[in-house]
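The exercises below are meant to be worked with the sequence and the 3D structure side by side. Try each task before reading the solution that follows.

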Amino acid sequence: MKVLQAHKYYWYRDGASNYALQLSEWLRNDGHEVIPFAMHEPQSLASPYAKYFVSNLDLGKPGQLSLLTKVQATARMFYCREAVQNLKRLLSTEKIDVAHIHNIYHH
């Protein structure tokens, strides 16, 4: 079975990320093919599917962001055209059986 694992991070960052990555490993060990979908970040694990990842959105220091960047980030939280387009491309090339959507809010 092909399982899409969508999470905002694709590296061991925190509890939610660790859980998603560990679950992916368990699924692989049970014979499933796991396809990640996340943001591009320097820390991201290598993946042949990284070409479908969306650009990074760093909200760690909001005081250092311009008003325009804050408005764009807020709009992206509700609808991200890049994510829609990349996910459509991924789904057109891979037959996904099930999608597991993890911690994706804000990104």
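**Exercise 1.** In this predicted model, compare the expected span of helix H3 with the separation of its end C-alpha atoms, and then work out which residues of H3 are buried.

*Solution.* Begin with the length: helix H3 runs over residues 81–93, and its 13 residues, at 1.5 Å a residue, should span 18 Å. The expected span is 1.5 Å times one less than the number of residues, and the end C-alpha atoms of H3 are 19 Å apart, which agrees.

Next, look for the residues that are buried, which here requires a relative accessible area under 20%; in H3 these are Ala83, Asn86 and Leu90. Because they cover an arc of only 75° around the axis, they lie on the same side of H3.

Finally, ask what each side of the helix meets: the buried residues of H3 pack against E1 and E2, while on the other side of H3 the residues Arg81, Lys88 and Ser92 are exposed.

**Exercise 2.** Repeat the analysis for helix H1, and find which strands its buried residues pack against.

*Solution.* Helix H1 covers residues 15–29, and its 15 residues should span 21 Å at 1.5 Å a residue, a value with which the 21 Å between its end C-alpha atoms agrees.

The buried residues in H1 are Ser17, Ala20, Leu21, Leu23, Ser24 and Leu27. Since these cover an arc of only 155° around the axis, they are placed on the same side of H1.

Strand E1 (2–6), E2 and strand E3 (98–101) are what the buried residues of H1 pack against, whereas the face of H1 turned away from the buried side carries the exposed residues Gly15 and Asn29. Following H1 comes Gly31, whose phi is positive, near 95°.

**Exercise 3.** Determine how many salt bridges the model contains, and explain why the pair formed by Glu94 and Lys2 ties together parts that are 92 residues apart in sequence.

*Solution.* The criterion is a side-chain nitrogen of Lys or Arg within 4 Å of a carboxyl oxygen of Asp or Glu, and by this rule the count comes to four salt bridges. One of them joins the side chains of Glu94 and Lys2, at 2.5 Å from N to O.

To place this pair, note that Glu94 lies in the loop between H3 and E3 and Lys2 in strand E1, so the two link parts that are 92 residues apart in sequence. Glu94 is buried, with a relative accessible area of 17%.

Two further examples can be checked in the same manner. The side chains of Arg13 and Asp14 meet at 3.0 Å, N to O, with Arg13 partly exposed at 42% relative accessible area and Asp14 partly exposed at 23%. The side chains of Asp97 and Lys95 meet at 3.2 Å, N to O; here Asp97 is partly exposed at 43%, while Lys95 is exposed at 63%.

**Exercise 4.** Find which residues make the nonpolar surface patch of about 390 Å², and decide whether Phe78 is buried or exposed.

*Solution.* The patch is made by Met77, Phe78 and Tyr79. Of these, Phe78 is found in helix H2, which comprises residues 67–78. Phe78 has a relative accessible area of 72% and is therefore exposed, the cut-off for this class being over 50%.

Terms used: Residues numbered from 1 in each chain as written. Predicted model: local features only at pLDDT ≥ 70, side-chain atom pairs only at ≥ 80, totals over all residues. Heavy atoms only, no water. Patch = residues over 30% accessible without salt bridge, like charges linked within 9 Å, V, L, I, M, F, W, Y side chains within 5 Å. Areas by Shrake-Rupley, 256 points an atom, 1.4 Å probe, with all protein chains shown as cover. Helix = DSSP H or I, 4+ residues; strand = E, 2+ residues; numbered from the N terminus. Buried < 20%, exposed > 50% of the residue type's maximum accessible area, 1.4 Å probe, protein only. Arc of directions from axis to C-beta. Contact = heavy atoms within 4.5 Å.
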